[in-house]
Amino acid sequence: MPAPLKFVHTTCELPDAADAVVIGGGIIGVFSAYYLARRGLKVALVEKGRIGAEQSSRNWGWCRQQNRDARELPMATKSLDLWERFAAENGEDTGFRRCGLFYLSNSEEELAGWARWRDFARTVGVTTHMLDSAQATERGRATGKPWKGGVFSPTDGTADPASAAPAVARAILELGGTIHQSCAARGIETEGGRVSGVVTEHGAIRTKTAILAGGAWSSSFCRQLGIRFPQAAIRSSILAVSPGVTSLPDALHTAAVSVTRRSDGGYSLAISGRGRIDPTPQQLRFAPQFLPMFVKRWRSLAPGGLEGFRSGHETLVRWRLDAPTPMERMRILDPAVDNATIRLTHSRALDLLPALKNTRITAAWAGYIDSTPDGVPGIGEIAAIPGFILAAGFSGHGFGIGPGAGHLIADIVTGSEPIVDPRPYHPDRFGKSAWGKVADF
Ligand SMILES: Cc1cc2nc3c(=O)[nH]c(=O)nc-3n(C[C@H](O)[C@H](O)[C@H](O)COP(=O)(O)OP(=O)(O)OC[C@H]3O[C@@H](n4cnc5c(N)ncnc54)[C@H](O)[C@@H]3O)c2cc1C
């Protein structure tokens, strides 16, 4: 069974013109369109497949500040408030709850790292509690094991990956925006060097602003426009088990396995950082940029297969605007599940939380996590093409910071005071320095 995802009804008919066109209906695209529509802009969002069907429904649902890289922490903090405010503004349910995130460890080194992060987080007003052995063991009693320590971040939370993007999409429609599923953007048109339209498989929309929130497809799209955006995808596998167990923490991380309560009462189970690299032409092209990231993370990565070539998301091919593109051949990127990882994840979860023996596996799926060389997203206007805004490369953190990123993009488009300092995210850095500092967590 694939990742659960709610369906949202949308329109087929494209408008002739819009103030802004958002390309991609993942969490970043929908929140960008939402904040633009709230400011009274006429927004059209085009999605080649279904709203939320790629990474944004395949993730764990964690919305965390805990252990967040300093460059992303302000956006993570703002996003938690925005998740809450979104529900209050619209009455739409994204499943967001500030349930707190709970980490357990028996490694002195890991605990020392978390304590260092706690000390840093204090300096920017973020509260997180280190737990000593007795506190960790008590809070982690569902494991039935003693622990050396842990950390609890009470202001963090989770949202529901099956409902979040569709809920935001409904809010966009309510505000008068239009959404077009099964509608791939093939490229953009320019006049005098700046954006003048977005060309889709169903026709063109005149606009001065195009926002590319295309997740794992963004680099190959940028290539058509002569923009160099180093990006690589890691295949990550995850499973869900049935509801019925109520005594477990809402969101628990250990080095062996992580467990998250889903909105239906079941749990998602996954191993943090573990993934497979499916080689693609694009990965070979950008390999030198990703070396520092690889050196940092190689222990949890394994070689994959050839499906990255078949999927087409990291192609180096140049396509035409008047013929089907790789995006129309692959409406929903649905990579093969790594069965060995699923078996390992499940057995580790049963070992960690014996109560899970009373559940059954209801679904298993994989997703391609789109990453940048430094693990920080690329958000900002591309100087060479005024009106073209990139918002991609969320490197495994984009769900939780989706509202903040969407707000920032709307700020950039409307020239408003940015919700956070946009400089750490600007895509210019990929041109200036091949090897930026890789995100710590
Ligand atoms: C297994 C897994 C676990 C994760 N866990 C977490 C977590 O706990 N917390 C967290 O914060 N993040 C997590 N992430 C990362 C998070 O899911 C992503 O960072 C986030 O969803 C990215 O959102 P996006 O909108 O950029 O991309 P996507 O959700 O991938 O959306 C991009 C959309 O653009 C569409 N598209 C692309 N090109 C075009 C085009 N030319 N025309 C029209 N449409 C186009 C695609 O069809 C797709 O729907 C996880 C990811 C995975 C895979």
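In this predicted model, helix 3 (residues 73-90) packs against helix 6 (residues 164-174) at an angle of about 45°, and the two axes sit 11 Å apart. Since angles between 35 and 65 degrees fall outside the parallel and perpendicular classes, helix 3 counts as oblique to helix 6. As for handedness, helix 3 goes past helix 6 in a left-handed crossing.

Helix 3 also pairs up with helix 1. Here the axes come within 13 Å and the crossing angle is roughly 55°. That value makes helix 1 oblique to helix 3. The handedness of this crossing, between helix 1 and helix 3, is left-handed.

Helix 1 has another partner in helix 12 (residues 402-414): their axes come within 7 Å and cross at roughly 50°. With that angle, helix 1 is oblique to helix 12 as well. The crossing of helix 1 and helix 12, though, is right-handed.

Now for the ligand. It is surrounded by 35 residues, and the closest of them are Glu47, Ser56, Trp62, Gly398 and Gly400. Sorted by character, the shell around the ligand holds 16 nonpolar residues, 15 polar ones and 4 charged ones.

Several backbone atoms come up against ligand heteroatoms. Gly398, one of the closest residues, has a polar backbone atom 2.9 Å from an oxygen atom of the ligand. At Phe399, a backbone N or O atom lies 3.1 Å from a ligand oxygen atom. A nitrogen atom of the ligand, in turn, has a backbone N or O atom of Lys48 at 3.0 Å. With a cut-off of 3.5 Å for N or O pairs, the distances at Gly398, Phe399 and Lys48 are all short enough to sit within it. As for burial, the ligand taken alone exposes 1000 Å², and the protein buries 98% of that area.

Which elements give two or more residues to the shell around the ligand? They are helix 1 (27-38), helix 2 (55-58) and strand 19 (361-371). Helix 2 gives the most, with 3 residues in the shell. Helix 1 thus turns up in two settings: it is among the elements that supply the ligand shell, and it crosses helix 12 at roughly 50°.

Notes: Residues are numbered from 1 along each chain as its sequence is written. This is a predicted model: local features need pLDDT of at least 70, side-chain atom pairs count only at pLDDT 80 or more; totals for chains, interfaces and linings use all residues. Side-chain values use heavy atoms; hydrogens and water are left out. A residue is near a molecule or strand if one of its heavy atoms lies within 4 Å of it. A polar contact is a pair of N or O atoms within 3.5 Å; within protein, one must be able to donate a hydrogen and the other to accept it, and residues adjacent in sequence count only if both atoms are side-chain atoms. Accessible areas come from the Shrake-Rupley method with a 1.4 Å probe; for residues, only the protein chains shown count as cover. Helices (H or I, at least four residues) and strands (E, at least two) are DSSP runs, numbered from the N terminus. Ala, Val, Leu, Ile, Met, Phe, Trp, Tyr, Cys and Pro count as nonpolar, Asp, Glu, Lys and Arg as charged, and the others, Gly among them, as polar. Axes are lines fitted to C-alpha atoms, for helices over the stretch in contact, and angles run from 0 to 180 degrees between N-to-C directions. Angles under 35 degrees count as roughly parallel, over 145 as roughly antiparallel, 65 to 115 as roughly perpendicular and the rest as oblique. A crossing is left-handed if the near helix is turned anticlockwise from the far one by less than a right angle, and right-handed if clockwise.
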